[in-house]
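Q: I would like to go through this structure piece by piece. Could we begin with the annotated sites and then move on to other local features?

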Amino acid sequence: MAADILSVLSGSPNPLTSLNSKRWNSLRHILERPGPFCKSDFTASAENLEALQTVLKILVIGAGGLGCELLKDLAMMGFGNLHVIDMDTIELSNLNRQFLFRRKDLGLSKAECAARFINERVPTCHVTSHFAKIQDFDESFYSQFHIIVCGLDSIVARRWINGMLISMLDYNEDGSVDPSTIIPLIDGGTEGFKGNARVILPGLTSCIECTLDLFPPQVTYPLCTIANTPRLPEHCIEYVKIIQWEKENPFSAPLDGDDPQHVAWVYERSLERANQYNISGITYRLVQGVIKNIIPAVASTNAVIAAACATEVFKLGTSCYDNMNNYMNFNDIEGIYTYTYPPEKSDTCLACSNTPQDLNVDDPNTTTLDDLIKILCESQRFQLKSPGLTTIIDGKNKTLYMSAVKSIEQQTRANLTMSLAELGLYDGASIMVSDVNMPTTIQLILKYHPNEVEMK
Amino acid sequence: MIKLFSLKQQKKDGEQLARTGQQKKASAAQLRIQKDINELNLPKTCATEFPDPNDLLNFKLTICPDEGFYRNGRFVFSFRVGPNYPHEPPKVKCETQVYHPNIDLEGNVCLNILREDWNPVLTISSIVYGLQFLFLEPNPEDPLNKEAADQLQSNRALFERNVLRAMQGHTVGDTQFEACLK
Ligand SMILES: [Zn+2]
């Protein structure tokens, strides 16, 4: 047993000494004693702590304000094997709340510095860092984790990891999700004094895409106000950002909020415009904030949300208690307010209600795209009217046919008489189908059957 | 509650699980725009052009109004749909220089649903109808080209003449327009 554990943890601290340490006494009270609130699959035992230290592998996405808190919380809670991904480097303005970083770290990778700090400070935890974008990894990477916890400020990134985890699900014959393929996603988010924490069990609970409207829309101002009747410093900055930058294109490049020269240019022009309209309050920081859509981060909000997320990781990982169900809103603007409720899973969710369906085809060499469309229109199962079909070949989108748009119809008409094989659609290829008769685009997996199997 | 995983069960190393031949998955934005495009029900004054039929995220819309100040004109808009669609609206620019209260000479368009009133339930069709409406009912209350807006408010006949001059490719004020009559 000991040898097994050690082989898993090559390079990590010796768990046998750490497991006996007094530092885990309070965890032991939870993990080694049964209680009325424990989940039914919980067995009180010393092995629970051991699992926390040696078996559970947790991925933290983001090493910023929430990420620093999460890494610290998880490491101090006894988790022994963490990974962290972040593509950003450390900036001066991070140092007030991203406490794993020091002045000497400016310009270095957040993921690498955060991992180094935890590894030096918490001997029972080993953090592996990835200075990369989440999109740089595929399902073979994400499938190695038991639980993924996010501290992100980007909706695009959230939607991406959500889609990835849902695409990794396997389904049983009856259409239900194979629970062993579920990787729970714990998502934390903060904006100033507001925050939320949620537990997503892909395929079972509502997902990021189900509740896209819960994310506050980006602050935008009417273009005509910006152009003609500016009243706020933000109006002046937006004017320079949207209109003047394109007009004058001072650096022959798109505006980059991380380039100090760009920010300085916008700052000076915004100041001029603000003076014209007697508006005060333009600062370099504000200009940078507006360019990058930054909402000031509040350290205490981050701490609360990260703690809630880490607690959920702990509960999920050890089964010691039921999970939060499943979305908590928090704000500390005036006093403390929290409210937890389960948003409904959407029937038309493009991510989690869009289970790929099999479509049997006899012979890909004789079945043309036109035949396939006829099947979709005439079969009882689909009853489509004028389906638009796309696929992905070698990682690139390909429109197979779409009758609704004239220019696309003309350019894809030749595909109709081609066989599925000629179109590059192999056995198991998926096609995306939209139609007025369906609320969303659905995904079909082509299954080719030799004739003898597919007889009535 | 479903038991998600057994703590005894070690997760396999990343590399061992790699599935070969796995195709990239369509993003939610891609699935949504496909539906929007497939259900584009254009008024007869509008047409779309997809330079690359495999790229549904970048396309052009041509509006040829058949009534109002801009009848017989031909105006081209470019649409750029980002990865955060429909949480964020597409970026729409007018590529034809036009003398219009709500469109500036750089092609920026002041249409509420393209910015502050955008909502994920809106579609590409909603934007097309919004743009078409701008040509039927230019709105001097929300000016982006202030001179044009002032002109529309103070002297409709002169505004109409200016619109025609611009569409014919003449100068209006200090601006030389490109001809865009059909
Ligand atoms: Zn969903």
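Q: Where in chain A is Cys224(A) found?
A: In this predicted model, Cys224(A) belongs to helix α9 of chain A. An unreviewed UniProt entry gives Cys224(A) as "active site".

Q: Is Cys224(A) buried or exposed?
A: Cys224(A) is buried, because its relative accessibility is 7% and the buried class covers values under 20%.

Q: Which residues is Cys224(A) in contact with, neighbours within four places in sequence aside?
A: In chain A there is Thr229(A). From chain B come Cys110(B), Asp142(B), Pro143(B) and Leu144(B).

Q: What does UniProt list for Cys110(B)?
A: The term is "active site", again from an unreviewed entry. Cys110(B) sits in the loop that runs between β4 (91-94) and α3 (124-136) of chain B.

Q: And is Cys110(B) buried or exposed?
A: Cys110(B) is buried, since its relative accessible area is 8% and the limit for that class is under 20%.

Q: What is Cys110(B) in contact with, sequence neighbours within four places left out?
A: On the chain A side, Cys110(B) is in contact with Leu223(A) and Cys224(A). Within chain B, the contacts of Cys110(B) are Asn102(B), Leu134(B), Asp142(B) and Leu144(B).

Q: Changing topic: which residues coordinate the zinc ion?
A: Four cysteines do so through their SG atoms, namely Cys207(A), Cys210(A), Cys349(A) and Cys352(A), at 2.2 to 2.3 Å. The site is tetrahedral, with angles of 96 to 120 degrees among the four donor atoms.

Q: How are the donor residues spaced in sequence?
A: The spacing is C-x2-C-x138-C-x2-C. Distant parts of the chain are thereby linked: Cys207(A) lies in the loop between β6 (194-200) and α9 (223-228) of chain A, and Cys352(A), 145 residues apart from it, in the loop between β8 (337-341) and β9 (357-361). Cys207(A) and Cys352(A) are both buried.

Q: Now the helices. How do α11 and α12 of chain A pack?
A: Helix α11 (residues 260-276) and helix α12 (residues 284-291) have axes 9 Å apart and meet at an angle of about 110 degrees. The two helices are therefore roughly perpendicular, a class that spans 65 to 115 degrees.

Q: Which residues meet there?
A: Pro260(A), Val263(A), Ala264(A), Val266(A) and Tyr267(A) of α11(A) meet Tyr284(A), Val287(A), Gln288(A) and Ile291(A) of α12(A).

Q: Where is Gly188(A) placed, and is Gly188(A) buried or exposed?
A: Gly188(A) is part of strand β5 (residues 185-191) of chain A and is buried at 0% relative accessibility. The C-alpha atom of Gly188(A) is 6.0 Å from that of Cys150(A), 38 residues apart along the chain. Contacts of Gly188(A) beyond four places in sequence include Cys150(A), Leu66(A), Ile305(A) and Cys309(A).

Q: On to the backbone: which peptide bond is cis?
A: The bond from Tyr85(B) to Pro86(B) is cis, with omega near 0 degrees. Pro86(B) lies in the loop between β3 (75-80) and β4 of chain B.

Q: What is the phi of Ser319(A), and what is that of Asn72(B)?
A: Ser319(A), which is not a glycine, has a positive phi of about 60 degrees. Asn72(B), likewise a residue other than glycine, has a positive phi near 75 degrees. Ser319(A) is buried, with a relative accessible area of 11%, whereas Asn72(B) is partly exposed at 43% relative accessibility.

Methods. Residues numbered from 1 in each chain as written. Chains lettered and ligands numbered in written order. Predicted model: local features only at pLDDT ≥ 70, side-chain atom pairs only at ≥ 80, totals over all residues. Heavy atoms only, no water. UniProt positions renumbered as here; feature names shortened; annotations may be inferred. Helix = DSSP H or I, 4+ residues; strand = E, 2+ residues; numbered from the N terminus. Buried < 20%, exposed > 50% of the residue type's maximum accessible area, 1.4 Å probe, protein only. Contact = heavy atoms within 4.5 Å. Donors = N, O, S within 2.8 Å, 3.2 Å for Na, K, Ca; no water. Tetrahedral: all angles 85-135°; square planar, octahedral: opposite > 155°, others 65-115°. Axes fitted to C-alpha atoms, helices over the stretch in contact; angles between N-to-C directions. Parallel < 35°, antiparallel > 145°, perpendicular 65-115°, else oblique.
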